[in-house]
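Colleague: I keep meeting labels for parts of a model and never know where they come from. Could you put it up and talk me through some of them?

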Amino acid sequence: SLGSAVADRMRTLAAERDQLAARLDSVSDRDALTGLPNQRRLDEEVRRQLAFAQRYGAQMGVLMIDLGGIAQITADHGSVAGDEFLLATAEALVPELRMTDIVARTDEDEFVVLLPQTDEEAARIVAGKLIRAMRAVKRGRPGGKLIELPAPSVGVALSGPSGSDDSAQLLERARGALESAKGAGGDRFTVADPLVLD
């Protein structure tokens, strides 16, 4: 019948639309929710910044941020509340950074910040500012209930002398520092040990 043919065609068009959206998402370098760079773009930027550090003898910092609690907020208050928190967090992080810094959303509740030409003291200052900014992110829900993130954590890693580590090593050291901060109860930052050259 005409009705079933139209319904079949609508289903086919919907499936094609979904496939196209997935393909576009896979080649995009932006996070769909926040508009921040995504993992693909971050990986490119880390390689580019490390090449600069190697060439000019500069140092760079990487801050890996875990919001902790987004999954629980989503479970308790719905996906809209979780998305609101992610957007509010992105908006809270950006003003704390320099124009040359890069903040990316790399996972559901994870952000990474690149700090070009930054030493450990400056990276520590930025990590502290970002934790304070995230603590200030609060959202009201219907009925007047105020919700907030329980304990954001930050892992800090600095590139080795003249950019001597590769992007994977640098991100892995930042992740290790992040896990230490989370293991200590969150609401803090931890700095990774410096890179030791053989």
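**Why the labels fit**

Modeller: Sure. There is 1 aromatic pair in the structure. Phe52 and Tyr56 make up this pair, with 4.7 Å centre to centre and 45° between the planes. Keep in mind that this is a predicted model, where local features need pLDDT of at least 70 and side-chain atom pairs count only at pLDDT 80 or more, while totals for chains, interfaces and linings use all residues. Residues are numbered from 1 along each chain as its sequence is written, and side-chain values use heavy atoms, with hydrogens and water left out.

Colleague: Why is the pair of Phe52 and Tyr56 called tilted?

Modeller: Rings of Phe, Tyr and Trp (its six-membered ring) pair if their centres lie within 6.5 Å; planes under 30 degrees apart are stacked, over 60 edge-to-face, and the rest tilted. Phe52 and Tyr56 have 4.7 Å and 45°, so they pair and are tilted.

Colleague: Where do Phe52 and Tyr56 lie?

Modeller: Both sit in helix H2 (residues 39-56), 4 residues apart, about one turn of the helix. Helices (H or I, at least four residues) and strands (E, at least two) are DSSP runs, numbered from the N terminus.

Colleague: What makes Tyr56 exposed?

Modeller: Buried means under 20% relative accessible area, exposed over 50%, and partly exposed in between (1.4 Å probe, protein chains only). Tyr56 has 51%, so it counts as exposed. Phe52 has 33%, so that one is partly exposed.

Colleague: And why is Thr106 called buried?

Modeller: Its value is 16%, so Thr106 is buried. Thr106 lies in strand S2 (residues 102-107). Leaving out residues up to four places away in sequence, Thr106 touches Gln39, Leu42, Phe111 and Val112, where contact means heavy atoms within 4.5 Å.

Colleague: What makes strand S1 (residues 61-66) mostly covered?

Modeller: In S1, 6 of its 6 residues are buried. Gly61, Leu63 and Ile65 point one way, and Val62, Met64 and Asp66 the other way.

Colleague: How do you know that S1 pairs with strand S6 (residues 153-158)?

Modeller: Two strands pair if DSSP finds at least two bridges between them. S1 and S6 share 6 bridges, so they pair, in the antiparallel sense. One of the bridges has Asp66 with Ser153 in S6 as its partner. S1 is also joined by 6 bridges to strand S3 (residues 110-115), again antiparallel. There, Met64 has Val112 as its bridge partner.
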